[in-house]
Amino acid sequence: MVVAKLWTMVRHFEGAPKPEDFKLENKELPPLKDGELLLESEFLSVDPYIRPYSKEKKEGDIILGSQVARVVESKNSAFPVGGYYVAYAGWATHFISDGKGLDALPSNWPDNLPRSLALGAVGMPGVTAYYGLLEICKPKEGEVVLVNAAAGAVGSLVGQIAKIKGCKVVGSAGSDEKLTFLKEIGFDEAFNYKTASSLAEALKNASPEGYDCYFDNVGGKFSDATLQQMKDFGRITVCGAISQYNDAVPPTGPYIQPYILFKQLLVQGFLVWTWKNRYTEAQKQLLQWIAEGKLKYHEHITSGFENMPAGFIGMLKGENIGKAIIKV
């Protein structure tokens, strides 16, 4: 018998998630049936989307999330022992699958790349950056692209892809260490929104001519300030609203419609699953850019399955640079 460890939700989060909101449990898994396989998680992902989507779970449910897992036993000939897959089995060390919903790592995966990148630069965050920027913002060479949460899993890739496309890129992040990182990966301008005396002034100083494209991971007051500095016919990708995920009561803010109207802005929210049938297309290009040295990745790795809540809470606080990963 295999005993899986899993993290469950004690109660729905009220405000920022706290350690006592999580419970580590053991679950004895049954023997495999024909057509089933047993997988062991090697890397697990902690992502901002887990916070708002947790509202759909019941107390006592396993915390949702994805992992890179290896097949350790199989009664399904399509999934031999030793194969690696991205799964969406939640925070668990082991789990049983019938094979549905498992995504194989790209067949051209280089031997020198860590498989954890299937949860980051070549996984959901990478595909999010790729399609969110190129299909919605559609940046043109010479345009100015603004990215907030720019040192995170998605933002750091968005900025680099914009540079590949010949744009000027401005990034916002929450520490001087992160600003150094952004400069190292090619951002033209970067500012610390936490120490800026005025967001409006920081945005103006970074790009006096305004912004053609805005990739928004944050929402809230940052977006209120940014909309006023968009160029006419600017395009905005709304990828996240992490500044508001912990709010118990939805905040009220400035009314943005006049800026959208008179600047004739295009604003579109999106979920990466919209491009699920085009994942391999994005992954192929992302892998090529990484191999060519055009796209750099950074991982913030927390060791130990027992530290998943701490890794998740830290990610929501912005403690990570690049992709936050839990290594079992």
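In this predicted model, helix 2 (residues 124–137) has 14 residues and spans 18 Å from its first C-alpha to its last, close to the 20 Å expected at 1.5 Å a residue. Of those 14 residues, 12 are buried, so helix 2 is largely enclosed by the rest of the structure. The buried set runs from Met124 through Pro125, Gly126, Val127, Thr128, Ala129, Tyr130, Tyr131 and Gly132 to Leu133, and also takes in Ile136 and Cys137. Lys138 follows helix 2 and has a positive phi, near 45°.

Two of the buried residues of helix 2, Tyr130 and Tyr131, also belong to an aromatic cluster: ring pairs link them with Phe270, Trp275 and Trp289. The count of aromatic pairs comes to 15. Among them, Tyr49 and Tyr53 form an edge-to-face pair, because their ring centres are 6.2 Å apart and their planes stand at 75°. Tyr49 counts as partly exposed because its relative accessibility is 22%, within the range of 20% to 50%. Tyr53 is likewise partly exposed, with a relative accessible area of 31%.

Helix 4 (residues 176–184) has Lys178, Leu179, Phe181 and Leu182 as its buried residues. Viewed down the helix axis, these fall within an arc of 160°, so they line one face of helix 4. They pack against helix 3 (155–164), strand 9 (168–173) and strand 10 (189–192). On the other side of helix 4, Asp176, Glu177 and Glu184 are exposed. Gly186 follows helix 4, and its phi is positive, near 110°.

Strand 15 (residues 323–327) is largely enclosed by the rest of the structure, because 4 of its 5 residues are buried. Its pairings with strand 3 and strand 14 are set out below.

| Strand joined to strand 15 | Bridges | Direction | A bridge pair |
|---|---|---|---|
| Strand 3 (residues 37–45) | 3 bridges | antiparallel | Ser45 with Ile325 |
| Strand 14 (residues 299–303) | 5 bridges | parallel | Ser303 with Lys327 |

Strand 14 and strand 15 are also parts of a right-handed β-α-β unit, together with helix 9 (residues 308–316). Strand 15 thus appears both in that unit and in an antiparallel pairing with strand 3.

Notes. Residues numbered from 1 in each chain as written. Predicted model: local features only at pLDDT ≥ 70, side-chain atom pairs only at ≥ 80, totals over all residues. Heavy atoms only, no water. Buried < 20%, exposed > 50% of the residue type's maximum accessible area, 1.4 Å probe, protein only. Pairing = 2+ DSSP bridges. Right-handed = clockwise from strand over helix to strand, strands pointing away. Expected span 1.5 Å × (residues − 1). Arc of directions from axis to C-beta. Contact = heavy atoms within 4.5 Å. Phe/Tyr/Trp six-rings, centres within 6.5 Å; stacked < 30°, edge-to-face > 60°.
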